[in-house]
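Which charged side chains pair with each other in this model, and which residues make up its nonpolar interior? The report below takes up these two topics in turn.

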Amino acid sequence: MNTDLDDPRLTAVGLLAEAYTGLMNRLAAQFEEHRLSPVEFEVLMRLARSPGNHLRMTDLAGQTTLSTSGVTRVVDRMERSGLVRREACPSDRRSSYAVITDEGMRRLTEVLPGHLELVQRWYVGLLPEARLAQLLDSLRTIRDAVNPCATAGSTEPALPA
C-alpha cells in the first residue's frame, strides 16, 4: 500500500480541524462566563436568526452538530433554564418547534458583543475582505455538499397558492 503522508488532502482536512478546534477553544471561555455551553449558544443563534425565532426540532438538529435525540436533551435543559420553549406544530402533530424566549434573547444579546469581538480577533479580522469572501463562499460550498440539511427551516415556507 502506497501512502503519501504529504498528500495535500490530508493537509487540507488537518488545517480545517486545527483551525476549528483553536477557534472553538478561544470562544468556549467566553460562553462559560455567560453560563452557556457552545451548543446552547449555537441553538440560541440558530433560533434567533430564523424566521419567527423558531425552528422545527428536526430542522434544528439538521442545522447543528446534534442528533435529534441530542437536540431534545439540549432543548429540555434550555427549557428548564427559560431560554427556549416548545410549541406544537399546527400542520404536523408529530413535530414541535423550539422557540427562543425573551430570556434567551436577553442572554444572547448579553453574549454577542464579546463573541463578535473574539470572532473578529481570531477569525474574520485575520483575512483581507476579498479572502474572507472567498473563504465564506468555499465553506458554503463544502457545507452544502456534506450537510445539505444545514439550512433546513431557515426560510419561511412558501404559502400555498
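What follows describes the salt bridges and then the nonpolar core of a predicted model.

**Salt bridges**

The count of salt bridges in the model comes to 11, and three of these pairs are set out in the table with the distance between N and O atoms.

| Pair | N to O distance | Location of the partners |
|---|---|---|
| R77 and E40 | 2.9 Å | helix α4 (residues 68–80) and helix α2 (residues 38–48) |
| R86 and D76 | 2.8 Å | strand β2 (residues 84–88) and helix α4 |
| E117 and R121 | 3.1 Å | both in helix α5 (residues 102–122) |

R77 and E40 form a salt bridge in which the closest N and O atoms are 2.9 Å apart, and this pair links distant parts of the chain, with 37 residues separating R77 in helix α4 from E40 in helix α2. The two partners can also be described by their accessibility: R77 is partly exposed, at a relative accessible area of 34%, whereas E40 counts as buried because its relative accessibility of 9% falls under 20%.

A salt bridge also joins the side chains of R86 and D76, at 2.8 Å from N to O. Since R86 belongs to strand β2 and D76 to helix α4, the pair ties together parts of the chain that are 10 residues apart in sequence. R86 is partly exposed at 26% relative accessibility, and D76 is likewise partly exposed at 28%.

Within helix α5, E117 forms a salt bridge with R121, and the two residues lie 4 positions apart, about one turn of the helix. E117 has a relative accessible area of 48% and is partly exposed, as is R121 at 42%. Elsewhere, salt bridges that share partners join D76, E79 and R86 into one network.

**The nonpolar core**

In soluble globular proteins, nonpolar side chains tend to be buried together. The largest nonpolar core of this model has 26 residues, and those with the most contacts inside it are L44, L47, L60, V75 and M78. Two or more residues of this core come from each of α1 (8–33), α2, α3 (57–63), α4, β3 (96–100) and α5, with α2 giving the most, namely 6 residues.

What does L60 touch, if residues up to four places away in sequence are not counted? The contacts of L60 are with V43, R46, L55, V71, V75 and A98, and one of these residues, V75, is also among those with the most contacts inside the core.

Definitions and conventions:
Residues are numbered from 1 along each chain as its sequence is written. This is a predicted model: local features need pLDDT of at least 70, side-chain atom pairs count only at pLDDT 80 or more; totals for chains, interfaces and linings use all residues. Side-chain values use heavy atoms; hydrogens and water are left out. A salt bridge is a side-chain nitrogen of Lys or Arg within 4 Å of a carboxyl oxygen of Asp or Glu. Buried means under 20% relative accessible area, exposed over 50%, partly exposed in between (1.4 Å probe, protein chains only). A nonpolar core is a set of buried Ala, Val, Leu, Ile, Met, Phe, Trp, Tyr and Cys residues joined through side-chain atoms within 4.5 Å. Contact means heavy atoms within 4.5 Å.
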